[in-house]
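Visitor: Could you take one part of this model and go through it closely with me, step by step? I would like the geometry first and the surroundings afterwards.

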Amino acid sequence: ELGSFVFIVVFGMSILFGGLFVGRLNSVLFIAMIAAYLCMVGIGVDQIQPKLLTGQNLWTGSILAIPLFLTSFSFLTMVPSLTPILKHNARALRLAIIGGMVIVFGIYAIWQALILGTVPVEGPHGLAEAFSKGEPATQFLHEHEMSRWFVMIAQYFAFFAIVTSFLGIALGLFDFLSDGLKIPKKGWGILALGALL
């Protein structure tokens, strides 16, 4: 609980400094996330066990999840933030949303293949156990013959992914509330919007 509180206070307060500050902070964190991701894929790709990806009936419910796919990357809340940056250009906005969604989905699919291909769903130290205990998926990687470096890099990647997602969603919500409630993003308006977040 303390870690969650500190996380929200530290990264939530950064939203109050405005989009330019958040954009720069997010860029640094995004570069760190991409570096961790590339290292993790480079180290972990040969650890994937194809039988874990095919033998556990993982794909039956996938079609039911297609509607969630359309909104899972939270692009809807980013429209108020992207619109002025892209100078109200509808074509550029469409390209940013669709292109961003496809790129993120590809990165996410490889991440899922790494996790699902190295940690079994059922059994001791499986994903179902991590889920039931409220632990991250990376918690049991070290139990499945993964290198110490892979586990550490996967935890860094997960952290950077959470922070960059949080900043993007929080900034989008900040701008959405400002636009929808006509609260200016200056002076007391910033504090009011921060309290609403």
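Guide: In this predicted model, helix α1 runs over residues 2-14, and its 13 residues, taken at 1.5 Å a residue, should span 18 Å, a value with which the 18 Å separation of its end C-alpha atoms agrees. The buried residues of this helix are F7, F11 and S14, and because they cover an arc of only 35° around the axis, they lie on the same side of α1. The other side of α1 carries L2, F5 and I8, which are exposed.

To place this helix in its context, the chain contains nine helices and zero strands, so that its pattern, read along the sequence, is α-α-α-α-α-α-α-α-α. Of the 197 residues of the chain, 27% count as buried.

Beyond α1, the packing of helix α2, residues 19-44, can be described through two of its partners. With helix α8, which covers residues 148-181, the axis of α2 comes within 8 Å and crosses at roughly 150°, and, since an angle over 145 degrees counts as roughly antiparallel, that makes α2 roughly antiparallel to α8. The crossing of α2 and α8 is left-handed, and the residues of the contact between α2 and α8 divide into 21 nonpolar and four polar, with no charged residue among them.

With helix α6, residues 90-116, the axis of α2 comes within 11 Å and crosses at roughly 40°, and α2 and α6 are therefore oblique to each other. The crossing of α2 and α6 is, again, left-handed.

A single residue of α8 can be followed in a little more detail, namely M152, which lies in that helix. With a relative accessible area of 31%, M152 is partly exposed, because that class takes in the values between the limit of 20% for buried and the limit of 50% for exposed. M152 and A36 are 116 residues apart in sequence, while in space their C-alpha atoms are 9.5 Å apart.

To return to the helix with which we began, α1 has F7, F11 and S14 as its buried residues, with L2, F5 and I8 exposed on the other side.

Notes:
Residues numbered from 1 in each chain as written. Predicted model: local features only at pLDDT ≥ 70, side-chain atom pairs only at ≥ 80, totals over all residues. Heavy atoms only, no water. Axes fitted to C-alpha atoms, helices over the stretch in contact; angles between N-to-C directions. Helix = DSSP H or I, 4+ residues; strand = E, 2+ residues; numbered from the N terminus. Parallel < 35°, antiparallel > 145°, perpendicular 65-115°, else oblique. Left-handed = near helix turned anticlockwise from the far one by under 90°. Nonpolar A, V, L, I, M, F, W, Y, C, P; charged D, E, K, R; others polar. Expected span 1.5 Å × (residues − 1). Buried < 20%, exposed > 50% of the residue type's maximum accessible area, 1.4 Å probe, protein only. Arc of directions from axis to C-beta.
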